[in-house]
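Me: I'd like a close look at one part of this protein, and then a walk through whatever else stands out. Here is what I have open.

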Amino acid sequence: MYYQASESMSELEKKILFFLAQGRATRSEIASAVGISRTQLARVVPHLLSSGAVAVVGAVESSHGRRAELLEIPLAAAAHIGIAVSRMDISCVVINHLEECLYKKTRAHIAMSESEFVHEIIEFIRELRDECHGVGVDIQTAISCGVTLPFPLPLGGRVRVGAQNSSQLGVEEKRAEYDGVTAGSSQLARHLAASVQKQLPGVSVLVDNTMRMGALGEVRFGAGAQHATQIYVGISGGVAATVTFNRRLLYGENGIGGELGHVNVPGESTPCQCGKTGCLETVLAYRFFCRRAGVKTVSELRDAYLAKDPQALKAVDDAVRALAHALAGTVLTLGFTFIILGGSVSAEFPELVELVEHRLSLELFPSPQWRLSVSQATLGSWAPAWGAAIGYRALREERI
């Protein structure tokens, strides 16, 4: 299984939608504008209508004296919702079929237990529904909703549930409906998916890991959009990585690939929450990173580093060396040379990008062919929500 980061919409569908974005049109006008026959158009329009991407809004007299349907894009109608839960806040983007953002929302949460996470997400959806209604955005038209959780989800935890009401779904979504829970299910993820469907009847739901959806968001919409092959490293409350090959996000045979934060760092012995000691997370994850520098936030750590505080300088040097060491094996083995640093730590400390690129170049054998490039994520904390918004459509179930 993997996530396909390429656009799911065909070129013809995009041409039709971009034309209709300019205003209402008849089928004849659409066919003429995009340069296709009415027969070709007839193969595409039913899917656009059934998915809600296009709606019939009236009729006009045609040149043949017949009534011709007027089609338009309901630009204020939601198509997909992405809800991303970190250990500190919940963020959401609501997008239409053109993948334009209709509404964004974020707020802090204090959830600790699994039941609290579900409660917080459901309350958030209720708030979202009311707020969207207030600005004229209809989220009841949504086809899919992706929700992320801030901890690893192996195959037994990732859930993809088809819509209960297939009348809103296109061909691909209808097929997915009969798959039921196609990617395994933990009690928490199943309960969360069912709870989301109660709040948003007729929506298809995906539940997956926050860091993985952050990678999907950056690969599809952000810093990695122009690169088919890359490594995304998310550094926040934890540390994880996602490998994208030929625009496919891979996560391993057992579904837990990418746990870069649990690579052992030579010389480190700090206990990690996973039960091991000396993991990369104990050097680089938010609270450990700050603790080593004697500060409370990464912003304070950055200020201390720029002021050349000795404790901060050592904390940063240790973290950069550890991350470069952990990445070197992947880069040397796979030859991937484009790396994105995402998550709250890299967002608050942008200098890490150049420091990691330099240190990683020292870990590789000398060769001008590497052309190593480490880049800052561009979507910031919104990346997981953007990834979640397209996650249901992007998930592919076949093995590679």
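Is His109 buried or exposed? And what sits around it?

Reply: Bear in mind that this is a predicted model. His109 is buried: its relative accessibility is 7%, and the cut-off for that label is under 20%. In the fold, His109 belongs to the loop between β7 (101–108) and α4 (114–134).

As for its surroundings, leaving aside residues up to four places away in sequence, His109 touches Val85, Ser86, Arg87, Met88, Asp89, Ile90, Phe117 and Glu120. With Ser86 there is also a polar contact to look at: a polar atom of the His109 side chain lies 2.7 Å from the backbone oxygen of Ser86.

Now for two other loops, picked for their backbone angles. Most residues other than glycine have a negative phi. Asn246 has a positive one, near 50°, and sits in the loop between β12 (239–245) and β13. With a relative accessible area of 49%, Asn246 is partly exposed; that falls just short of "exposed", because the label needs over 50%. Lys308 also has a positive phi, near 65°, and its loop runs between α10 (298–306) and α11 (310–334). Lys308 does count as exposed, at 62% relative accessible area.

The Asn246 loop leads on to a sheet, since β12 and β13 are both part of an open one with 7 strands. Reading across, the order is β15-β14-β11-β12-β13-β1-β16, and the pairing is mixed. At the edges stand β15 (373–376) and β16 (395–396); each has a single partner strand, so one side of each has no neighbour in the sheet. Further in, β1 (residues 2–4) and β13 (residues 248–250) run antiparallel and are joined by 3 bridges. If you want a spot to click on there, Gln4 stands opposite Arg248 in β13.

Next, a helix with a clear inner side. In α2 (residues 27–34), the buried residues are Ile30, Ala31 and Val34. They cover an arc of only 95° around the axis, so they fall on the same side of α2. What do they pack against? The partners are α1 (11–20), β2 (25–26), α3 (38–50) and β4 (67–72). Just after α2 comes Gly35, with a positive phi of about 75°.

Last, the aromatic rings. The model has 5 aromatic pairs. One of them is Phe221 with Trp386: the ring centres are 4.9 Å apart and the planes meet at 55°, so this pair counts as tilted. An edge-to-face label would need over 60 degrees. The two rings come from distant parts of the chain, 165 residues apart, with Phe221 in helix α7 (residues 210–221) and Trp386 in helix α14 (residues 383–394). Their exposure is worth checking too: Trp386 is buried at 12% relative accessible area, whereas Phe221 is partly exposed at 26%.

Elsewhere, Phe289, Tyr305 and Phe349 form one aromatic cluster. There is also a charge over a ring: Lys104 lies over the face of Trp382, 4.3 Å from the ring centre.

Terms used:
Residues are numbered from 1 along each chain as its sequence is written. This is a predicted model: local features need pLDDT of at least 70, side-chain atom pairs count only at pLDDT 80 or more; totals for chains, interfaces and linings use all residues. Side-chain values use heavy atoms; hydrogens and water are left out. Rings of Phe, Tyr and Trp (its six-membered ring) pair if their centres lie within 6.5 Å; planes under 30 degrees apart count as stacked, over 60 as edge-to-face and the rest as tilted. Helices (H or I, at least four residues) and strands (E, at least two) are DSSP runs, numbered from the N terminus. Buried means under 20% relative accessible area, exposed over 50%, partly exposed in between (1.4 Å probe, protein chains only). A charge sits over a ring if NZ of Lys or CZ of Arg is within 6 Å of the ring centre and within 35 degrees of the ring normal. The arc is that of the directions from the helix axis to the C-beta atoms. Contact means heavy atoms within 4.5 Å. A polar contact is a pair of N or O atoms within 3.5 Å; within protein, one must be able to donate a hydrogen and the other to accept it, and residues adjacent in sequence count only if both atoms are side-chain atoms. Two strands pair if DSSP finds at least two bridges between them.
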